[in-house]
Amino acid sequence: MDDQNKNLILATALSFGVILIWFLLFPPPEERPVPETAPQAASSETPAPTDPVATAPAQAPAASAGDGGEAVVESAASAPRVSVETPRLSGSISLQGGRIDTLALKDYRESVDPGSATVDLLAPVGSAQAYYALYGWAPGSGLGLEDVPGANTPWELVSGERLAPGSPVTLRWENGAGLVFTREIAIDDDYMFTVTQSVANEGAGSVTLAPYGIIARHGRPENLKNFFILHEGAIAMADGKLSEIDYGDMEDFDFDPREAARAEVMQVAEDGWIGFTDHYWMTTLIPEAGSAFKATAKYDDARNIYQTEAVLPTERLGPGQSVTRTTRLFAGAKEWDTIRDYQREGVDRFIDSIDWGWFFFLTKPIFWLLHEINLIIGNMGWAIIGLTLIIKAALLPLAYKSYVSMAKMKELQPEMEKIKERTGEDRQKFQQEMMELYKKEKVNPASGCLPILMQIPIFFSLYKVIFVTIELRHAPWFGPFRDLSAPDPTSIVNLFGLLPWAAPEPGSLLALVFIGILPILLGVSMWLQQKLNPAPTDPTQKMIFAWLPWVFMFMLGSFASGLVLYWIANNAITFAQQYGIMRSQGYKPDVLGNILSGFRKKAEEDGK
């Protein structure tokens, strides 16, 4: 077995092994079933925190069945609302508690069907998956819960009729004991709310209280991917340190009596944010830059409520004094451009809310380049091909040395055969003379592995990019390829997209067998690459080479079509590079002859 074929088999086997292990350890995501029992809500009244400087309200601001919960839910449903209407968002704010609890994303739909429903991000208490943002003040010395605005406070709209960019709304509530609370809510053209909370002390005594923001989620989301490479759950940035907490990890928190729930508390000195992230969407509380606050992630077992909180330091107000504090709320899609713009405006490391993974040093630049190419071309499919061209151009010097070495190895074949005949069964002497030959001819037998091995981290980084970034979601290429983040929608069942019905459901047994046109092209491109060289004479090598393209073809059939497209483009460019470099070194690959030779040998074997 010559070293060139050994190297090629080794590199291919490594690639195959890594992909096989990945496929077995991290299979395509399956939706996790949601418990059929409706999530319980929180009580409308809670004990006062023992230390308002460091503690948020002890319980989520909702109502639970069994303690007047049904009445509270009914009143919440009938409470007056303020509509929210922007170029990208549609929803409303409930004047009961001032909750931002209804929000839809106008630019995104549930499926590629233009008539499908828009994506709903937030939902009010009483719905199957309640998810909302709530603001208020935690009472300190001299105050009780009835003296501060909470989950069910009846706010009055005193300014504005509809929340829109450039048109904020102002809410007001008086506690009847000398405290006047106002809340101004503004919104920009994208996904950022600005909530400004004020309180004026018109009474005779001093009071202490702490402003807070809460994002509450009743039960786990029903559409969780539960996939290892994707984080879904609580996410926080605390003075430059990113924390990602899965829902399961929140359920395993130790019980914190100060929070009256399972909780994890993070003290932020200057910059940070906290919230929940989904596959493509996110809600995040963002206090003012440079301000200290307490960030808390908690889980309430009894009511199945996940909650994140941002509690600002306690304020002491004497008679006639007032204080104003501002917190922003991001509620929308995790778009690269939008997130990056907010980061440039002062949200610390906000771009890291996108799950770049362990290979962030590759995924970030790969996505940036893909995104920029897409902005120029206007089509993500062609952008992937353009990205492949650029990556292959960057790796060309390495590939050139590798293919030159492979061409020289071809020239050394006669000499290598003589050494093999001369040394016979003496393997040590054979290896020694081979090393002397390589040294004399300045040939590196391992260089043939490098181009293939270099593709492995790039392949997995691109897989991550395609899976986690919203820019690939429902990104079309042409014809039947309307979503490059999904598997190839074509199949022999629908004549590869010519017939007006769907291919077998991804993940099903039929889908594994009746693969699409892209996986087939992938297998063919790998097979053609092999034909740049004559078939190996060793039967084991020959069998491996014969099966490998078709094994890869079926293995990658369930992968995102954008990733398969990248691999096809990579194979095509590699074929052209290797062919041209080998010819420049005086070796002319006989591709057609190798193909015909393979068919002739097969016919001869069948005839025996």
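This passage walks through a sheet, a pair of helices and a pocket in a predicted model.

The sheet comes first. Nine strands make up an open sheet, and reading across it gives the order S6-S8-S9-S10-S21-S17-S16-S12-S13, with antiparallel pairing. S6 and S13 are the edge strands, each of them pairing on one side only. From one strand to the next, the twist averages 20°.

Starting at the S6 edge, strand S6 covers residues 156-159 and runs antiparallel to strand S8, residues 169-174, with three bridges joining the two. Ser159 has Thr170 of S8 as its bridge partner. On to the next pair: S8 is joined by six bridges to strand S9, which spans residues 179-187, and these two strands also run antiparallel. Here Glu174 sits opposite Val180 in S9. S8 and S9 form a hairpin with four residues between the strands, and in this hairpin Gly176 adopts a positive phi near 80°.

Further along the strand order, S21 is followed by S17. Strand S17 takes in residues 281-287 and strand S21 residues 322-333; seven bridges hold this antiparallel pair together. One partnership to look for is that of Thr283, whose bridge partner in S21 is Ala331.

Now for the helices. Helix H8 (residues 413-423) and helix H9 (residues 427-441) have axes that come within 9 Å and cross at roughly 155°. Because angles over 145 degrees count as roughly antiparallel, H8 is roughly antiparallel to H9. As for handedness, the crossing of H8 past H9 is right-handed.

That leaves the second largest pocket, which holds about 830 Å³ of space. Its lining is made up of 34 residues, and the ones that lie nearest the pocket centre are Phe228, Ile229, Leu230, Asp355 and Lys464. Four elements give two or more residues to this lining: strand S13 (241-246), helix H3 (247-251), helix H5 (360-377) and helix H10 (450-468). H10 gives the most, with six residues. S13 turns up here again, having already appeared as an edge strand of the sheet. Sorted by class, the lining of the second largest pocket breaks down into 18 nonpolar, ten charged and six polar residues.

Notes:
Residues are numbered from 1 along each chain as its sequence is written. This is a predicted model: local features need pLDDT of at least 70, side-chain atom pairs count only at pLDDT 80 or more; totals for chains, interfaces and linings use all residues. Side-chain values use heavy atoms; hydrogens and water are left out. Two strands pair if DSSP finds at least two bridges between them. On a 1 Å grid over the protein atoms alone, a cavity is a set of points where a 1.4 Å probe fits but cannot get out, and a pocket is an open set with protein on both sides within 12 Å along at least five of seven lines; lining residues have an atom within 4 Å of a point. Grid points are joined across faces, edges and corners, and a volume is the space filled by probe spheres set on the points. Ala, Val, Leu, Ile, Met, Phe, Trp, Tyr, Cys and Pro count as nonpolar, Asp, Glu, Lys and Arg as charged, and the others, Gly among them, as polar. Axes are lines fitted to C-alpha atoms, for helices over the stretch in contact, and angles run from 0 to 180 degrees between N-to-C directions. Angles under 35 degrees count as roughly parallel, over 145 as roughly antiparallel, 65 to 115 as roughly perpendicular and the rest as oblique. A crossing is left-handed if the near helix is turned anticlockwise from the far one by less than a right angle, and right-handed if clockwise.
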